[in-house]
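Work through the following exercises with the sequence and the coordinates at hand. Each task is followed by a solution in steps.

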Amino acid sequence: MEISVASRIRGKRSEFDMSQEDLANMLGVNVTTVCSWESGKTTPSAPLIVRLSEIFKVTPNYLLGWNK
């Protein structure tokens, strides 16, 4: 079963004990944007994927599901 980008973001945010608001503030985006990512309605842009990977200490490839 493929793990989605949404699930990876949600899982890492939870692992780092962050609220959606915490993450949104760190990225300079609206909370509804983070909610949209985590529900799978939208996907973060490439620059935000890079920033998320830095925050969560993983590679962009991990977040995108390009490596397991």
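A residue counts as buried if its relative accessible area is under 20%, as exposed if that area is over 50%, and as partly exposed in between. The model is predicted.

**Exercise 1. Classify Glu38 as buried or exposed, and find what its side chain contacts.**

Step 1. Locate the residue: Glu38 belongs to helix H3, which spans residues 31-38.

Step 2. Apply the cut-off. The relative accessibility of Glu38 is 6%, so this residue is buried.

Step 3. Look for a polar partner. The side chains of Glu38 and Gln20 form a polar contact at 2.8 Å.

Step 4. List the remaining surroundings. With residues up to four places away in sequence left out, Glu38 touches Ala6, Ile9, Arg10, Arg13 and Gln20.

**Exercise 2. Determine which residues of H1 are buried and how they are arranged about the axis.**

Step 1. The buried residues of H1 are Val5, Ala6, Arg8, Ile9, Lys12 and Arg13.

Step 2. Viewed down the axis of H1, these residues lie within an arc of 165 degrees, so they line one face of the helix.

Step 3. Recall the geometry behind such a pattern. An α-helix has 3.6 residues a turn, so positions three or four places apart point the same way.

Step 4. Turn to the face directed away from the buried side: the exposed residues Ser14 and Glu15 are found there. Glu15 has a relative accessibility of 55%, so this residue passes the cut-off of over 50% for exposed.

Step 5. Identify the cover. H2, H3, H4 and H5 are among the elements that cover the buried residues of H1.

Step 6. Add one ring contact made from this helix. Arg8, one of the buried residues of H1, has its charged end over the ring of Tyr62, at 4.6 Å from the ring centre.

**Exercise 3. Repeat the analysis for H2, and state which elements cover its buried residues.**

Step 1. Leu23, Ala24 and Leu27 are buried in H2.

Step 2. Their arc around the axis is only 100 degrees, which means that they are on the same side of H2.

Step 3. The cover over the buried residues of H2 includes H1, H3 and H4.

Step 4. Take Leu27 as an example. Apart from its neighbours within four places in sequence, Leu27 contacts Trp37, Leu48, Arg51, Leu52 and Ile55.

**Exercise 4. Describe the largest nonpolar core: which members touch the most other members, and which helix gives the largest share?**

Step 1. The largest nonpolar core has 15 residues, and those that touch the most other members are Ile9, Leu23, Leu27, Trp37, Leu52, Ile55 and Phe56.

Step 2. At least two residues of this core come from each of H1, H2, H3 and H4.

Step 3. H4 gives the largest share of the core, with 5 residues.

**Exercise 5. Find how many aromatic pairs there are, and assign the geometry.**

Step 1. The count is 1 aromatic pair.

Step 2. The ring centres of Phe16 and Phe56 are 5.6 Å apart and the ring planes meet at 50 degrees. Planes under 30 degrees apart would be stacked and those over 60 edge-to-face, so this pair is tilted.

Step 3. Place the two rings. Phe16 is in the loop between helix H1 (5-15) and helix H2 (20-27), while Phe56 is in helix H4 (residues 46-56), so the pair ties together parts that are 40 residues apart in sequence.

Step 4. Compare the accessibility. Phe16 is partly exposed at 29%, whereas Phe56 is buried at 1%.

**Exercise 6. Examine the positive phi values of Gly28, Asp17 and Lys57.**

Step 1. Recall the background. Most residues other than glycine have a negative phi.

Step 2. Gly28, just after H2, has a positive phi of about 70 degrees.

Step 3. Asp17 is not a glycine, yet its phi is positive, near 55 degrees. Asp17 is in the loop between H1 and H2 and is exposed, at 70% relative accessible area.

Step 4. Lys57 is not a glycine either, and its phi is positive, about 60 degrees. Lys57 sits in the loop between H4 and helix H5 (60-64) and is exposed, with a relative accessible area of 68%.

Technical notes: Residues numbered from 1 in each chain as written. Predicted model: local features only at pLDDT ≥ 70, side-chain atom pairs only at ≥ 80, totals over all residues. Heavy atoms only, no water. Phe/Tyr/Trp six-rings, centres within 6.5 Å; stacked < 30°, edge-to-face > 60°. Helix = DSSP H or I, 4+ residues; strand = E, 2+ residues; numbered from the N terminus. Buried < 20%, exposed > 50% of the residue type's maximum accessible area, 1.4 Å probe, protein only. Lys NZ or Arg CZ within 6 Å of the ring centre and 35° of its normal. Polar contact = N/O pair within 3.5 Å; in protein donor to acceptor, adjacent residues only side chain to side chain. Contact = heavy atoms within 4.5 Å. Core = buried A, V, L, I, M, F, W, Y, C linked by side-chain atoms within 4.5 Å. Arc of directions from axis to C-beta.
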